[in-house]
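Dear colleague,

Please find below the structure that I am handing over to you. My notes on it follow directly after it.

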Amino acid sequence: MNINQRPSLAAVPAYRQGKSAAPGASKLSSNESPHAPLPSVVQSIAKGLENIHRYPNMAAPELIGALAKEYGLDPEQISLGAGSVEVASQLIHAVAGEGDEVMFAWRSFEAYPSLVRIAGAVPVEIPLDAEFKHDLPAMLAAITERTRLIFICNPNNPTGTVVAADALEKFVAAVPENILVVIDEAYVHFDRSDIRVDGLKLLRKYPHVAVLHTFSKAYGLAGLRIGYAVSPTQVAQNLRKVAVPFGVTDLAQRAALASLAATAELNVRIDEVVAQRERMLEGLLAAGYPAVPSQANFVWVAAGDHTAELESVLNEGNVVVRAFPGEGLRISSGSAQDVDRVLAAVNNKVQVKSL
Ligand SMILES: *Cc1c(COP(=O)(O)O)cnc(C)c1O
């Protein structure tokens with residue numbers, strides 16, 4: 001006999017993680033930092049190892065205090081999760097229930113549709129425009145009585161495109177104030193555009209804005225799982241209720257705190273990733289590939305029907321990427337060597353695999 005389970009889970013795909021890579025290959029499939037952790041961060045984690053027989057402090061007063069100070073926020077507005085993907089899930093659970101709608105652009109972050117369905121809510125996907133950007137007027141037009149939350153992924157994963165600050169402000173102002181607009185800024189540190197959105201500025205000005213930040217990408221802590229939301233106080237209270245108790249470890253809190261203390265060093269690394277992104281984009285365009293200008297730590301190649309072909313060319317060049325069959329592929333901006341390999345592969349000068 002079958003075990004009684006939630007039938008709605010049949011529609012939920014298991015999360016597809018970026019492909020792993022053989023030792024020595026360039027793993028450009030998960031938008032990770034190509035840099036090893038900073039020594040000061042490793043040191044801080046090592047100190048915390050002495051205490052792993054204890055539960056972490058869920059209130060994380062030091063980290064939350066440091067974030068509040070850094071961004072001039074009320075600590076009550078900040079809530080943590082095991083990566084910002086967990087915080088995104090908390091946000092959905094806090095505002096949407098059975099049959100409620102959660103809207104986002106598509107294609108966007110792969111986790112959104114599953115997280116929404118797991119909460120029992122209905123994902124509403126609004127196609128990106130012809131330039132792979134959010135179609136804000138279409139999103140506005142799709143709001144219904146059941147809409148509870150709208151994700152704006154900015155810069156957008158996997159296309160790297162951004163919404164303009166003035167357009168987003170107009171959008172936020174037009175969304176009814178009982179609907180939460182969540183600006184997912186996982187890649188905001190890599191945005192060098194002159195239309196750059198400051199999500200926290202919008203949050204200060206409008207009562208129905210939340211911002212998602214992560215330590216996984218620019219800060220290079222993907223393996224430790226820590227991210228946070230800044231949200232209206234009434235929402236933040238509920239985020240703490242729906243969070244899994246003790247989900248954020250003391251080691252992760254320490255690493256995040258040490259990273260905030262090392263922003264100057266980290267900024268040098270972020271600039272390097274941005275420089276490699278630009279070099280990769282130019283090289284791909286020069287080789288005739290439909291690469292899309294990006295403000296994130298990756299480049300989208302709108303390869304369409306040639307996606308599988310391009311993926312195998314890159315794999316042969318010892319590069320692992322994230323492919324979306326029939327649509328395109330996303331190549332993370334890695335080290336100079338990683339980008340050399342990408343460009344060698346697409347120029348058909350595939351280097352012989354070492355060993
Ligand atoms: C990577 C990513 C996140 C969060 O990752 P975590 O490791 O869970 O913090 C959130 N949003 C988007 C759009 C991402 O690409």
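Helices (H or I, at least four residues) and strands (E, at least two) are DSSP runs, numbered from the N terminus. The model is predicted, so to speak of local features requires pLDDT of at least 70, side-chain atom pairs count only at pLDDT 80 or more, and totals for chains, interfaces and linings use all residues. Residues are numbered from 1 along each chain as its sequence is written, and side-chain values use heavy atoms, with hydrogens and water left out.The loop between β5 (147-153) and α6 (165-174) contains Pro-155, and Pro-158 is found in that loop as well. The peptide bond from Asn-154 to Pro-155 is cis, with omega near -5 degrees. Asn-157 and Pro-158 are also joined by a cis peptide bond, with omega about 15 degrees. In the loop between α1 (39-48) and α2 (61-71) lies Ala-60, whose phi is positive, near 40 degrees, although Ala-60 is not glycine. Most residues other than glycine have a negative phi, and most peptide bonds are trans.

Turning to the ligand, 13 residues surround it (a heavy atom within 4 Å). The closest are Ser-84, Tyr-187, Thr-214, Ser-216 and Lys-217. By class, this shell has five nonpolar residues (Ala, Val, Leu, Ile, Met, Phe, Trp, Tyr, Cys and Pro count as such), three charged (Asp, Glu, Lys and Arg) and five polar (the others, Gly among them).

Three side chains have polar contacts with the ligand (pairs of N or O atoms within 3.5 Å). A polar side-chain atom of Tyr-187 lies 2.5 Å from a ligand oxygen. For Arg-225, a side-chain N or O atom is 2.7 Å from an oxygen of the ligand, and for Asn-157 the distance is 2.8 Å. Taken alone, the ligand exposes 380 Å² (Shrake-Rupley method, 1.4 Å probe), of which the protein buries 94%.

Finally, a UniProt record, an unreviewed entry, annotates residues 27-345 as "domain: Aminotransferase class I/classII large"; such annotations may be inferred rather than shown by experiment. Over residues 27-345 the chain is 40% helix and 18% strand, and the end C-alpha atoms are 14 Å apart.

Yours faithfully

How values were computed: A polar contact is a pair of N or O atoms within 3.5 Å; within protein, one must be able to donate a hydrogen and the other to accept it, and residues adjacent in sequence count only if both atoms are side-chain atoms.
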